[in-house]
Amino acid sequence: MATITVSADFGYVVLVVVATWVLLNWMAMQVMKARKKFNVAYPNLYSPVSNDFNCIQRVHQNTIENIPAFLAFLILGGLQFPRLSAVFGVIFLLGRVVYAFGYYTGDPSKRNRGAFGYIGIIGLIINTILLALNLLGWI
């Protein structure tokens, strides 16, 4: 039977979880400011007239769509590889910031500047698969 011991280095993973919360709240604040600026009332998610608002809203919405899987891979992969998973987590989050600033320009094609964040999520997926294989005794 495989066992998992959480090392002190898992604290790095915990800090990335906190940074994720900070990022999501910063993005939410950008949407709140844009709602006032472009006069988009609740409960409307998007504006029929403001592409700029829609770009700002889409950053937050797309990030929220990706965060559950990111956190699962971060925490699970971090059990076996805490420092490496924390680094991959930071890469993912930095990719989201660059994605956001690109999208905030109002030109959706500029969001692709943050594509390097996929290095982070792919690394976390690999770490999680390695954890599973280790727990199963296959490696």
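This report describes the nonpolar cores, helix H1 and a nonpolar surface patch of a predicted model.

Local features need pLDDT of at least 70 and side-chain atom pairs count only at pLDDT 80 or more, whereas totals for chains, interfaces and linings use all residues. Residues are numbered from 1 along each chain as its sequence is written, and side-chain values use heavy atoms, without hydrogens and water.

The largest nonpolar core has 20 residues; such a core is a set of buried Ala, Val, Leu, Ile, Met, Phe, Trp, Tyr and Cys residues joined through side-chain atoms within 4.5 Å, where buried means under 20% relative accessible area, exposed over 50% and partly exposed in between, with a 1.4 Å probe and protein chains only. Val16, Val59, Phe70, Leu74, Phe92 and Leu93 touch the most other members. The helices that give two or more residues to this core are listed below; helices are DSSP runs of H or I with at least four residues, numbered from the N terminus.

| Helix | Residues |
|---|---|
| H1 | 10-38 |
| H2 | 51-80 |
| H3 | 82-103 |
| H4 | 117-135 |

H3 gives the most to this core, with seven residues. Apart from this core lies another, of five residues, among them Val31, Val40, Phe53 and Ile56.

The buried residues of H1, including Phe10, Val16 and Arg35, pack against H2 and H3, with contact meaning heavy atoms within 4.5 Å. After H1 comes asparagine 39, whose phi is positive, near 55°.

Valine 90 lies in helix H3 and counts as partly exposed because its relative accessibility is 39%.
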